[in-house]
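Colleague: I'm new to reading protein models. Could you walk me through one?

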Amino acid sequence: MPVTAHAVHQVARPQGMPGAEHFAFVTERLPAPVEGTALVENLYLSVDPYMREEMDGGWALGAPLEGRAIGRVVESRSDALPVGALLFHRKGWRTHAVVSPAEVRPLVELPGVPLSAHLGILGGTGLSAWVGLTRIARLQPGEDLFVSAAAGGVGTAAGQLARLLGARRVVGSAGSAAKVKHLTGHLGFDAAFDYHDGPVTGLLRRAAPDGLDVYLDNVGGDHLEAAIEVLRDHGRIAWCGAVAQYNSAEPPSAPRNLYDVVGKSLRLEGFLVREHLDAQQELNDFLAPHLRSGAVVSDETVVEGFERVVEAFLGVLRGANTGKMLVRL
């Protein structure tokens, strides 16, 4: 039988910070699944900073949006997708979706691990941290790490992963005193600072007076300039995101000390997590025991109700979340 589904469409391109007026809630009638497909009822939706870039042209106007989601099969015409199965897929921003086996990844509920973790520390955010640390920067035991936007989804995962990987000192930046306290008091960061408190280079130098070996960059701009200044010779930068410029009409000027990458023999490499999906099982195997034991937490901010998905997304862009921002339907 057809099902009534609710979805969010983007209806206009923003200039600068987006608002609720750039989105519209729509009601749709989804047809029954055809042979080889299944109907999924979404349970959790992910809203992420990268989606701001998609709003500039990656997403079509007046059409269903892309986003990570966890759903349960409620009707099926595919032996590979039985009713009741839990699935990870990318048809978010809606209550229901019709999917094929090629569009999903089956999920197994892990005892002692919240289902939502598959969108957070075991999802794309955790995988971004894992790939950045292990494949791009190749963090080694005894090394010192700086993580920017450390109270966000990728940052909170990176700090905890770094500790398990043997980092000597983990430093983070965040956007409020409360987030700084959360990083050092609950997530095991050795030091953290509020980037509003002064020039980032000076704040980072005080937090890491002996220098750094690795920087996981989620911000760009002045944070990247500060990291280049404080990194030791032969340091490594894994560039994951640039939240500092997502809402800017003009990109920031390059770090004024960019040539120090040459002078200090630094390595700077950007990466897209979608090119490293083969690391997913590696991450699961490494983290699942630590999640079960409580040594690692799935740090989350959960917003209740599909009707608040736009609110949750805009909150991410304003830094309203600590850890991964999720919407529970």
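Colleague: Let me start with one helix. Which are the buried residues of helix 9?

Modeller: Keep in mind that this is a predicted model. A residue is called buried when its relative accessible area is under 20%. In helix 9, the buried ones are Val309, Val310, Ala312, Phe313, Leu314, Gly315, Val316 and Leu317.

Colleague: How should I read that for the helix as a whole, residues 309–318?

Modeller: Here's the general idea: an α-helix has 3.6 residues a turn, so residues three or four places apart point the same way. In this case, eight of the ten residues of helix 9 are buried, so the helix is largely enclosed by the rest of the structure.

Colleague: What covers the buried residues of helix 9?

Modeller: The cover includes helix 1 (51–58) along with several strands, among them strand 1 (3–10), strand 2 (23–30) and strand 3 (38–46). Strand 14 (300–304) and strand 15 (324–328) are also part of the cover.

Colleague: And what happens just after helix 9?

Modeller: Look at the backbone there: Gly319 has a positive phi of about 80 degrees.

Colleague: Zooming out, how many helices and strands does the protein have?

Modeller: You'll find nine helices and 15 strands. The radius of gyration is 20 Å, close to the 20 Å from the globule rule for 329 residues, so the protein is as compact as a globular protein of that length.

Colleague: How much of the protein counts as buried?

Modeller: Of its 329 residues, 54% do. As for the surface, the protein exposes about 13900 Å², with carbon and sulfur atoms supplying 53% of that area.

How values were computed: Residues numbered from 1 in each chain as written. Predicted model: local features only at pLDDT ≥ 70, side-chain atom pairs only at ≥ 80, totals over all residues. Heavy atoms only, no water. Helix = DSSP H or I, 4+ residues; strand = E, 2+ residues; numbered from the N terminus. Rg over C-alpha atoms; globule rule 2.2 N^0.38 Å. Buried < 20%, exposed > 50% of the residue type's maximum accessible area, 1.4 Å probe, protein only. Areas by Shrake-Rupley, 256 points an atom, 1.4 Å probe, with all protein chains shown as cover. Contact = heavy atoms within 4.5 Å.
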